[in-house]
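Dear colleague,

Please find below the structure I am handing over to you, together with its sequence. My notes on what was found in it follow directly afterwards.

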Amino acid sequence: MIADFNSRNNGAEAGAGFDGDGASASAAVPNAIEVEHIVKKYGDFTAVNDVSFDVKEGEIFGLLGPNGAGKSTLIRMMTTLIPITAGTARVAGHDVQKEPDAVRRAIGVIPQALTSDLDLTVEENLNIYAKLYDVPAKTRKQAIDELLEVVDLTKWRNSQTKTLSGGMRRRLEIARGLVHSPRIFFLDEPTTGLDPVSRVAVWEMLTNIKKNRQLTILITTHYMDEADRLCDRIAIVDHGKLVALDSPVALKASVPGTNVIEVQFDNATADWEEKLRGLSDVTSVQHLGAGMYRVLTGNGSRTTTGLVEMSVEAGVSVKSLSVQNTTLDDVFVHYTGRQLRDELVKAYGFVMPPRPGVQP
Ligand SMILES: Nc1ncnc2c1ncn2[C@@H]1O[C@H](COP(=O)(O)OP(=O)(O)OP(=O)(O)O)[C@@H](O)[C@H]1O
Ligand SMILES: [Mg+2]
């Protein structure tokens, strides 16, 4: 049974703040995944801390969070790969701890790291998985032919996997995860490291596959645009905890303000942030450094007018200014107090040491 997500995603069910007792209870659609008060501890460290949510059949559900939030740990528990410390998870109606084999038969899993065998051809990689999952010999060829079409790799079927681009390898892995026709598909950061065109290709593929194969899909991501474009509902995870859960539209509607103004000034005064806060309709102001401010407002045009007038009066020059609708970035800041971008820069950041003899 496939849910009508468009009608559920119209923002009517606002109130995104997570209330701690699982996902919204729109009754008719059965749950493909039910996670209740799940905890994972590594020694004294709690990687996943009392998380509960449901995923409806036919839904694309996103776990969104920065590095180390606990996304992969959650996926590993739901897919029977690591033991659960406390709480329960049911996948396709089976308890992951009591009936792991039944869970494994119902799911496809694409781990975060690329794991196809580089020395085998595309078709050989698919064949090995089909045999591993006991896909009968007489349907194997047809299943692989169909999947190669779905992921647009038919003409590469005899190519060695090491000759494929990153995007093509991801698509091969998506096909590989589907050879045994699972009902529920788990993908851990399916587009990390891909160029923008390949990312969009993967999103389109997943949307088509969901529709044509009646799949439930759970993905993890730290890309806001990916979560926004692809997911019916998003759970924001931070430091092992679920901090918000709803459709992208409802999450954005739950943040005070409807527009975000990003503005850079040349010679802002010390009290400038305070002054920005005092402008009409402003709900919050963040100083991003280097004269750059992010201003959330309930009325973008009125605040912009006030902002420009105030700058002219104070002799402060506006270097750049943009007004947009609220994004998931603002949602993340609202619920966690930090920007996901900053978290990622911190995690991936590498500062090149200066060339010997050169002053930085
Ligand atoms: N086997 C382990 N032993 C100890 N700590 C672990 C182990 N696996 C994960 N952790 C810790 O648990 C936390 C959550 O890790 P996890 O890999 O689930 O995060 P993530 O959200 O998937 O991050 P990323 O975006 O980097 O993949 C991190 O602090 C990580 O260091
Ligand atoms: Mg991970």
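I begin with the surroundings of the ligand. The residues of the shell around ligand 1 comprise four nonpolar, eight polar and one charged. The shell has 13 residues, and those that come nearest to ligand 1 are Ala47, Asn67, Lys71, Ser72 and Thr73. Two elements, strand 2 (45-56) and helix 2 (71-78), give two or more residues each to this shell. Helix 2 gives the most, with three residues.

Please note that the model is a predicted one. As to the overall make-up, the protein chain contains 13 helices and 14 strands. Of its 360 residues, 40% are buried. Among the contacts in the protein chain with a separation of 6 or more, 71% are between residues 24 or more positions apart.

The next point concerns a sheet. It is open, and its four strands run in the order 12-13-11-14 with antiparallel pairing. Strand 12 (282-289) and strand 14 (318-325) each have a single partner strand, so they stand at the edges and one side of each is left without a neighbour in the sheet. On average, and with direction ignored, neighbouring strands of this sheet are turned by 15 degrees against each other. Helix 11 (residues 300-314) packs on the sheet and touches strand 11 (259-265), strand 12, strand 13 and strand 14. The direction of helix 11 makes about 20 degrees with that of strand 11.

Within this sheet, the pairing of strand 12 with strand 13 (residues 292-297) is antiparallel and extends over six bridges. Histidine 287 has tyrosine 293, in strand 13, as its bridge partner, and valine 282 stands opposite threonine 297 in strand 13. These two strands form a hairpin with two residues between them, in which alanine 290 takes a positive phi near 55 degrees.

Helix 6 (residues 166-177) also deserves a description. How well does the span of helix 6 agree with what its 12 residues should give? At 1.5 Å a residue the helix should span 16 Å, and its end C-alpha atoms are 17 Å apart, which agrees. Helix 6 is mostly covered, with nine of its 12 residues buried. The buried residues are Arg169, Arg170, Arg171, Leu172, Glu173, Ile174, Ala175, Arg176 and Gly177. The elements that cover them include strand 6 (107-110), strand 7 (184-188), helix 4 (122-132), helix 5 (137-150) and helix 7 (196-213).

Finally, I turn to a single residue. Arginine 90 is found in strand 4 (residues 86-91). Why does arginine 90 count as buried? Arginine 90 has 20 C-beta neighbours inside 10 Å, and a residue is buried if 20 or more other C-beta atoms lie within that distance, so arginine 90 qualifies. Leaving aside residues up to four places away in sequence, arginine 90 touches Glu34 and Asp95. The C-alpha atoms of arginine 90 and alanine 32 are separated by 8.0 Å, although the two residues are 58 residues apart along the chain.

With kind regards

How values were computed. Residues numbered from 1 in each chain as written. Chains lettered and ligands numbered in written order. Predicted model: local features only at pLDDT ≥ 70, side-chain atom pairs only at ≥ 80, totals over all residues. Near = placed C-beta within 6 Å. Nonpolar A, V, L, I, M, F, W, Y, C, P; charged D, E, K, R; others polar. Expected span 1.5 Å × (residues − 1). Contact = placed C-beta atoms within 7 Å. Pairing = 2+ DSSP bridges. Axes fitted to C-alpha atoms, helices over the stretch in contact; angles between N-to-C directions.
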